[in-house]
There are 2 protein chains.
Amino acid sequence: MHPIAERGFTQSEFERRTEKAQAIMARLGLGALLLTTEPEVRYFTGFDTIFWLSPTRPWFVVIPAKGAPIAVIPEIGAPSMSLTWISDVRTWLAPQPEDDGISLLANTLREVMPQGGVLGVPMGHETHVRMPAADFMALQAKLDGISLADGTDVVRSLRMVKSEAEIAKIARICSIASSAFEDLPTYIKTGDTERQAFAKFKIDLLQKGADDVPYLVGSSGPGGFEDVINRPSDRIIADGDMLLLDTGALYDGYSCDFDRNYAFGHATDAAKSAYDLAWRATEAGLQAARPGITTTELWAAMAKVLEDGGCGGHQIGRMGHGLGMQVTEWPSNMPGDNTLIEAGMVLTLEPGLAFGDGKMMLHEENIVIREDGAELLTRRAPPALPIIT
Amino acid sequence: MHPIAERGFTQSEFERRTEKAQAIMARLGLGALLLTTEPEVRYFTGFDTIFWLSPTRPWFVVIPAKGAPIAVIPEIGAPSMSLTWISDVRTWLAPQPEDDGISLLANTLREVMPQGGVLGVPMGHETHVRMPAADFMALQAKLDGISLADGTDVVRSLRMVKSEAEIAKIARICSIASSAFEDLPTYIKTGDTERQAFAKFKIDLLQKGADDVPYLVGSSGPGGFEDVINRPSDRIIADGDMLLLDTGALYDGYSCDFDRNYAFGHATDAAKSAYDLAWRATEAGLQAARPGITTTELWAAMAKVLEDGGCGGHQIGRMGHGLGMQVTEWPSNMPGDNTLIEAGMVLTLEPGLAFGDGKMMLHEENIVIREDGAELLTRRAPPALPIIT
């Protein structure tokens, strides 16, 4: 069975997150932090909704220098937000394009911040400001006396290191998806279209206990495939094909992100060798990953195996990344990233290579960093390319 | 069976979209248009991927004043983008936080735009700039001599009016979801948790031919419910409960967005009356919707029925909206919106009301505007509250 993971978080976990954010904010000289995206709002409030798919209404959370976060949200979100630990919930009847919460937000910020204070807004890598750009400019105009600074480091450094409650949720979805991948040869056959195969896999994930399967990409092709971020097509899977499926399924708002490769009927020696090389590169990553090394060193451990195997790079730009509320998070295992790996980080190991005539091979596992090294959250891919007969 | 809808679009449809955009750009004095979000990029290129769920890499499309769009994207997207009608694909090996495509994008814009030109960027209601805010500022600094202006109207006016090919996709997913709602009483029972009920419905949608079910919200509760944007909980559905499910399922990248209400065993008179009132308000919307009236007049037609029935508003702020590539799009059926309704627009009609002790009743249908009025894309909700026994 899949490891038990409680739903939700204790209030003390949210308090801890908030206090840690406030400690970093104090260090950076930020009088408050403004958050506008789904994972950030959920991280500090616990409010989990897919209503974010609608681009119509902005949602804001303000982390003051002291005390609990303040939600500044559309009225439609008030009943759900009131079930969280947040007690200061300020609403307006959105949509209201001429002033879609901007005055309410500006008043809130001026109330919790000193004149001349600095407002942190995540503006760096992997962030965006999820509100109309014109409204963001209007907000700045209303904040006279308050300046803006990049608040990326606050959320980045907090979210990169997971609590045991977060790890338990990721472990559970990794276990569910591992089972779905292990059972896949019993229900995906030659003659299925890619679309049918993807649908069967998605349904199996849901039946095994995934809450949702927002991310599922892959590819199939004779002897291999050339792309790894496709939606499925009506291409019929045939004898001699390779199939890649890569899923970000969810349990209680936390994601796995890993893939598996299969061959149908038989496989070329080139594909088998490429699989073996990617598997051994992953193994090197598993051995290397531990607190105290950097993401760049972790990348180098995997890259060395690929290079020794005669392969150059691929076109993905990195070999894994952080994982948690989003299917990809900070940091990146790549040259130049140089993030110091700490216990509690959840990472993917994702070595890939090009082989044969422009084909790609991509492996991926999910790990949590413990004091003594990597703990696998996924059940390890088989050491030899699985052939479905 | 569900109406036939071809996958993808002809190249001439993309050419038409681009030419229409360029005509509006010329009118607004825009020398080019910069697009950064998934639906905008897909609308002009046909590139459909859920890779956008990863926040790591920005993607850009530039619509020049003349000629085909230019894709400025991470190298990982090149194989898929090269399968679209776009031939000018410029890539960089992302992620590269110190210059994540910004120089490449700036060079591209300076190449296609005159010195002193105006670059359109969607900055208005329902848009956001999907790249780090710091990178957006760095881009502006590299564009010296080029100024920015709001380009929302270009994409808004184009995307609000659907082609027959787009309508066919929405019609198909509306038909699939109508079937799933009609069959729901055969597979959702008292004793199911909300989570189990949602999973069964999602699996049925996939089995009936939905490509994906990114949006599914709802609620259950004795005699009604108080919230309409929840994810499911472990609450067990019991005799006397009401259940709402509201789904945005996808077919070939186009969404439905409608809901259905059910009672289990029996229903209160208050719930039956509220259902009847919302049903009649929807009916008034169906009668009123036609080219030449405004979204505000359409709202008023539904609001009058609710007011005559003794009900005030609800907390949603509008009674329906545009529908297409996203589960909600421009325009909004609400006071102050005043969008002129045209043939080819796909809209939701979504009257809601509060009743009893803080309960909510929300109905929703999807329509396409034809020369002679509204054509239902959903199969109409039954006129009386369905009771599952």
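Helices (H or I, at least four residues) and strands (E, at least two) are DSSP runs, numbered from the N terminus. The structure is a predicted model, in which local features need pLDDT of at least 70 and side-chain atom pairs count only at pLDDT 80 or more, while totals for chains, interfaces and linings use all residues. Residues are numbered from 1 along each chain as its sequence is written, and chains are lettered from A and ligands numbered from 1 in the order in which they are written.

**Chain A as a whole**

Chain A holds 10 helices and 18 strands, and its C-alpha trace spans about 70 × 40 × 40 Å along the principal axes. Its radius of gyration is 23 Å, which agrees with the value near 21 Å for a compact globule of 389 residues; the radius is taken over C-alpha atoms, and the globule rule is 2.2 Å times the number of residues to the power 0.38. Of the 389 residues, 54% count as buried, where buried requires 20 or more other C-beta atoms within 10 Å of the residue's own, exposed 12 or fewer, and partly exposed a number in between, with C-beta atoms placed from the backbone.

**The contact between the chains**

Contact is defined by C-beta atoms, placed from the backbone, that lie within 7 Å, and the contact between the chains takes 55 residues from chain A and 55 residues from chain B. On the side of chain A that touches chain B, α8(A) gives the most, with four residues. That side divides into 27 nonpolar, 17 polar and 11 charged residues; Ala, Val, Leu, Ile, Met, Phe, Trp, Tyr, Cys and Pro count as nonpolar, Asp, Glu, Lys and Arg as charged, and the others, Gly among them, as polar.

Helix α8 (residues 194–207) of chain A packs on helix α8 (residues 194–207) of chain B at an angle of about 170°, with the axes 10 Å apart. This makes α8(A) roughly antiparallel to α8(B), a label for angles over 145 degrees. Here A199(A), K202(A), I203(A) and L206(A) meet A199(B), K202(B), I203(B) and L206(B), and the residues of this helix contact divide into six nonpolar, no polar and two charged.

Within α8(B), the buried residues include F198(B), A199(B), F201(B), K202(B) and L206(B). What covers the buried residues of α8(B) includes α8 of chain A together with α7 (164–187), β7 (212–222) and β8 (241–251) of chain B. Just after α8(B), G209(B) takes a positive phi of about 120°.

**A buried leucine in chain A**

L109(A) sits in helix α4 (residues 102–112) of chain A and is buried, with 23 other C-beta atoms within 10 Å. Leaving aside neighbours within four places in sequence, L109(A) is in contact with A32(A), V62(A), L119(A), L143(A) and I146(A).

**Backbone features**

The table lists two residues of chain B that have positive phi without being glycine.

| Residue | Phi | Place in chain B | C-beta neighbours inside 10 Å |
|---|---|---|---|
| E126(B) | near 75° | loop between β5 (118–121) and α5 (133–142) | 25, buried |
| D252(B) | about 50° | loop between β8 and β9 (254–255) | 19, partly exposed |

A cis peptide bond joins W330(A) and P331(A), with omega about -5°, and P331(A) is found in strand β12 (residues 329–332) of chain A. In chain B the peptide bond from W330(B) to P331(B) is cis, with omega near -5°, and P331(B) lies in strand β12 (residues 329–332) of chain B.

Conventions. Axes are lines fitted to C-alpha atoms, for helices over the stretch in contact, and angles run from 0 to 180 degrees between N-to-C directions. Angles under 35 degrees count as roughly parallel, over 145 as roughly antiparallel, 65 to 115 as roughly perpendicular and the rest as oblique.
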